Amino acid sequence: MRPILVLALVIVAIAALIFGVMRLLPESPSSTDTPTTTTAAGGGEPTKPPLSSGSSLDGGGESGRTVQAPVDPSGSRKLDPSAIVGYDNVLSGLVRNPQGRGVSGAEVTISAANTSNLFFVNEKFDTSKDVTQRTDSEGRFAFRNVEPRDRYRITIKHPEYTRYEDTTIPIGDSGNFQEPPITLTQGATLAGTVRDEGGNAVNDATIHLDGMIFQGSTYVPPDRMTGKTDREGRFTMVNVPKGQRIMTVMAQGYGTITINGLVFDREEAVTRDVTLKVGEMICGRVVDDQGQGVVEARVTALGFSSTQQSARGDAITDAKGDFCLENLTPGPYNVMAMAKGFRAERNTRVETGTSNVTLEMVREPNVSGQVVDAATNAPVTAFTVRLRFYYGPGLPTAPSEISQSFNSPTGEFTLEGVSQSEWVVEGQAAGYSPSFSNNFTLSGGKSVTGIVVRMTQGGSITGRIVDATGKPIARARITTHDKEWVDDDFAQILGSEYPTNITAVEVRSAEDGTFTLSNLAPEIYQLQVQAVGCTRWSRADIVVREGAVTKLEDVTLPRGGTLRGTVFDPAGKPLAGAQITLGAVDGLAPERYSTKSGDDGKFLITNITPRTYLLSASRAGALGANPFEQVIDTKNSEKRVVISEERTTVQDLTLGD
């Protein structure tokens, strides 16, 4: 996991705290005075991840787990072949301008990455599986046969409007899922002039505008806007979205500068002139503790001239470990090096113009061992090993990024350059359950040998999925989770680093409703079942034992209840695109649903497990939205509702001022 949190994480955490305090306050009369109406239903480098969180934020999508082949398209869990099925669904929508007319040719992208409201600054989102299309002449789009998820990240780009980003409505296995109409807006304009210290215009300078939440990232931010200066050094950037931005200015032969805290509140013109200084260099070499050059180390120099302006340079060492940071604004810098399998002893304070800097790094130790069959003690010749963080006896472990596959006649392996921590080694191989070594500690730079991973076949879970009449349900989706797992934003940002010792598997029920989960590591499991037109089912106390079959009684999925209503803004007008959340307030297992209001402010949630819930709404939660505003919306609109089996509950919501 990446250790540095972006500003958004801090803000949302504070907002969550405020929300928690507000929840302790007595309910206002408005939250209980309005009755609900019920009618008959009308159809249908590795850093240890934290062990747990008290987060109750609404989340969505698949959280990554222990990876075993074959895996699903998001790379998150082991798939039984029966789980790989086609989907008969459509995610459709309309992109329009402020006048309500459709915008043709807009680029619409849906992504399974970055669907959480929380994420780590250096978490580079995997966008390789993103799907993109253009709106038609009427501004409409339609994504077909989409993998079902609680939500996707949807991004829309058009040269005449600001970039739009938000999460979608939930998407099920089949049916037409209509995203509320999306209105593009024209944002602010940033203009200015770039000159040198002599007042001369700097032409062909590059200006980047990045969102604050991506500050410090090692990749190109997805919301980056780029402009160039003309011969007079002038630049203009239009359609800048609301929010805080970071401005980076660079030009050949000049030092690069970064200006923090540019705020764009509305469709306005903002002027910012920039003065560049002639660039200087810092050069040197990165070496290990034996004096040998470290190849492909990333060297970063950070300099600060004020609270609003900073400078940065990056370089990669060559085959001899040499580096040269160019185009630095003159002044002092903190220079640091990072390289896989090494740790830096310290940062170095250096003035520009220095050419003999030596950055020392220490080579991390190795972990060696053998993977064997627990029953025969024979070596397993084809396997994958992964290091997992160890927290203590009886506690879940968390997978690290250190993983490697081996083909070894003797079953031996060596993992090089492992950081100091307490570890276990997880082994994965065909026909076996994931198995673990004893825990061990790396310290003092000393390598560890003799680690043994004894592979077993594990246990299995079998059962049958039926509806309320006892009829078998085919193609129900069955997934395994840690007994403590909750589908919230915290679990989602941890993804594949979620602490657990269970085997994450996904299967589909057969035509007769039966299913089997095989090669499961002995543990206590949470099982979740979902099927079209039915409520979700979960159970978190299923014990799997080595060599045993855990047979469940029939899992019955009723239809559940329905909730519909309208969201109104403070002026009493229907609010389109509002985020609606329905969270259970009774029972041990958390239950949470979410959707969006349509263009007329109406919303509908179906197949809800009968319970008592708190229903709330907030304004659209696009990236960069004010989290405090959303927390206030949630509290002001909150209503208590009771959902009954095969009944429709009607409840409207109004956002306060």
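This report describes the overall composition, one strand pairing and the cysteines of a predicted model.

## Overall composition

The protein has 657 residues, of which 50% are buried. Its secondary structure comprises four helices and 50 strands.

The exposed area of the protein is about 30000 Å², and carbon and sulfur atoms account for 49% of that area.

## Strands β23 and β25

Strand β25 spans residues 348-351 and presents two faces. Thr348 and Val350 lie on the covered face, whereas Arg349 and Glu351 lie on the uncovered one.

Strand β25 runs antiparallel to strand β23 (residues 332-338), and four bridges join the two. One of the residues involved is Pro332, whose bridge partner in β25 is Glu351. Glu351 thus appears both in this bridge and on the uncovered face of β25.

## The disulfide and its cysteines

The model contains one disulfide. This bond joins Cys283 to Cys324, with an S to S distance of 1.9 Å. The pair links distant parts of the chain, as Cys283 belongs to strand β19 (residues 280-287) and Cys324 to strand β22 (residues 322-328), 41 residues apart.

The two partners fall into separate accessibility classes. Cys283 has a relative accessible area of 14% and is therefore buried, the cut-off being under 20%. Cys324, at 31% relative accessibility, counts as partly exposed, because this value lies between the 20% and 50% limits.

A further cysteine, Cys534, has a relative accessibility of 13% and so counts as buried.

Definitions and conventions. Residues numbered from 1 in each chain as written. Predicted model: local features only at pLDDT ≥ 70, side-chain atom pairs only at ≥ 80, totals over all residues. Heavy atoms only, no water. Buried < 20%, exposed > 50% of the residue type's maximum accessible area, 1.4 Å probe, protein only. Areas by Shrake-Rupley, 256 points an atom, 1.4 Å probe, with all protein chains shown as cover. Pairing = 2+ DSSP bridges. Disulfide = S-S within 2.5 Å.
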